[in-house]
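Here are my notes on this one, as numbered points. Have the model open while you go through them.

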Amino acid sequence: MLNNMQQNSSLPHKIVNVTNAGEVVVNVTNENVSRRARVREHVNPLAKKYSVAIAPPVWTEIYADCSKPLSLDIGSARGRYILQMAQLKPDWNFLGLEIREPLVDRCNEVRDELGLTNLHYIFCNANVSLAGLLTKNSLHEVTVQFPDPWFKRRQQKRRTVQPELVATLAELLVPNASVFLQSDILEVAEDMRLHFEDNENFTNLAGKGNFADDTIFPEHIPTERESSVLSQGLPVYRVYLKRK
Ligand SMILES: C[S@@+](CC[C@H](N)C(=O)[O-])C[C@H]1O[C@@H](n2cnc3c(N)ncnc32)[C@H](O)[C@@H]1O
């Protein structure tokens, strides 16, 4: 876990974090990631313009070494979580999927500014494009963190974690791959947990119907939303599953 936050005046707009193990991880401020991006708060993933699946990139042109295990963050927003993870775990490749295009463009610019060759962000509707992006057994970890809640009953089909997405992930993930889910909204966290538990390919490590506590959920870098929620003293509901 990162613990020593320090501003480095020689790196304007950048924050240098030093981990307990002495690793240096560069992060950027929110302001910096959205500097050139005017972005909407929410977009409707069921809108027609998000209904077409994108073609997969040529992965060997994306990552310097495609043989590394791949970690996927669905709904990566301003991308800071995998920006840091890609530096902490250089032996992994990281992929963020995000439906708000200006954020993705800026994330990839920041990635290039930092010269990271194990990190990439793609603008797409994950619910529409994920199945065609990756091949069976090519994914080693997935995170869905603080997805948009869409509270109204008639809008709940807009939520990211749907049975079809879980079925797609079951196809893509290798056996024993980790699935990390988080939300500050109890109803959303229960909904995500239920969809994964309803799929026979996943095991909830905390036991069916339970959330993961700190003894199970691995120590991790907080996402932007997570930091905001925790700083307000609000609860976070976590689920940790394995692909069977
Ligand atoms: C509340 S934000 C959380 C961002 C980040 N994971 C965090 O924890 O700070 C949820 C993100 O998911 C994105 N999103 C929502 N539906 C999506 C979809 N179908 N495909 C890809 N991204 C989506 C939103 O645009 C938003 O950036």
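1. Let's start with Met85, which sits in helix α3. This is a predicted model, and in it Met85 counts as buried because it has 20 C-beta neighbours inside 10 Å, where the cut-off for buried is 20 or more. Leaving out residues up to four places away in sequence, Met85 touches Ser71, Phe94 and Ile221. Look at Leu119 as well: 34 residues separate it from Met85 in sequence, yet the C-alpha to C-alpha distance is 9.2 Å.

2. Helix α3 (residues 80–88) also matters for the largest nonpolar core, giving it five residues, the largest share. That core has 47 residues, and the ones touching the most other members are Leu72, Ile82, Leu97, Leu139, Val142, Met192 and Val239. For Leu97, the contacts outside its neighbours within four places in sequence are Leu72, Ile74, Ser76, Ile122, Cys124, Ala126 and Leu130.

3. Next, Ile99, in the loop between β5 and α4 (101–114). Loop or not, Ile99 counts as buried because 26 C-beta neighbours fall inside 10 Å. Not counting residues up to four places away in sequence, its contacts are Val43, Pro45, Tyr50, Cys124 and Asn125. Tyr50 is 49 residues away along the chain, with 8.1 Å between the two C-alpha atoms.

4. Now the ligand. Which residues are closest to it? Gly75, Ala77, Ala126, Thr223 and Arg225 are, out of 19 that surround the ligand. Elements contributing two or more residues to this shell are β5 (93–98), α5 and α8 (224–231), and α8 gives the most, three residues. Sorted by class, the shell holds seven nonpolar, six polar and six charged residues.

5. Ala77 deserves a second look, being one of the closest residues to the ligand. Its phi is positive, about 50 degrees, although Ala77 is not a glycine. Most residues other than glycine have a negative phi. Ala77 lies in the loop between β4 (70–74) and α3, and it counts as buried because it has 25 C-beta neighbours inside 10 Å.

6. Trp150 is another non-glycine residue with a positive phi, in this case near 40 degrees. You'll find Trp150 in the loop between β7 and α6. Is Trp150 buried or partly exposed? Partly exposed, because 19 other C-beta atoms lie within 10 Å and buried takes 20 or more.

7. On to helix α6 (residues 163–172), whose buried residues are Leu165, Val166, Thr168, Leu169 and Leu172. Viewed down the axis of α6, these residues fall within an arc of 160 degrees, so they line one face of the helix. An α-helix has 3.6 residues a turn, so residues three or four places apart point the same way. The buried residues of α6 pack against α5 (126–133), β7 (139–145), β8 (173–183) and α7 (186–197).

8. Finally, the whole chain. There are eight helices and ten strands, and 34% of the 244 residues count as buried. Among contacts with a separation of 6 or more, 71% join residues 24 or more positions apart. Mean pLDDT is 91, with 89% of residues at 70 or more. The stretch to treat separately is residues 1–12, where pLDDT stays under 50 and the model has 16 contacts beyond four places in sequence.

Technical notes:
Residues numbered from 1 in each chain as written. Predicted model: local features only at pLDDT ≥ 70, side-chain atom pairs only at ≥ 80, totals over all residues. Buried ≥ 20, exposed ≤ 12 C-beta atoms within 10 Å, placed from the backbone. Helix = DSSP H or I, 4+ residues; strand = E, 2+ residues; numbered from the N terminus. Arc of directions from axis to C-beta. Contact = placed C-beta atoms within 7 Å. Near = placed C-beta within 6 Å. Nonpolar A, V, L, I, M, F, W, Y, C, P; charged D, E, K, R; others polar. Core = buried A, V, L, I, M, F, W, Y, C linked by C-beta atoms within 7 Å. pLDDT = per-residue confidence, 0-100.
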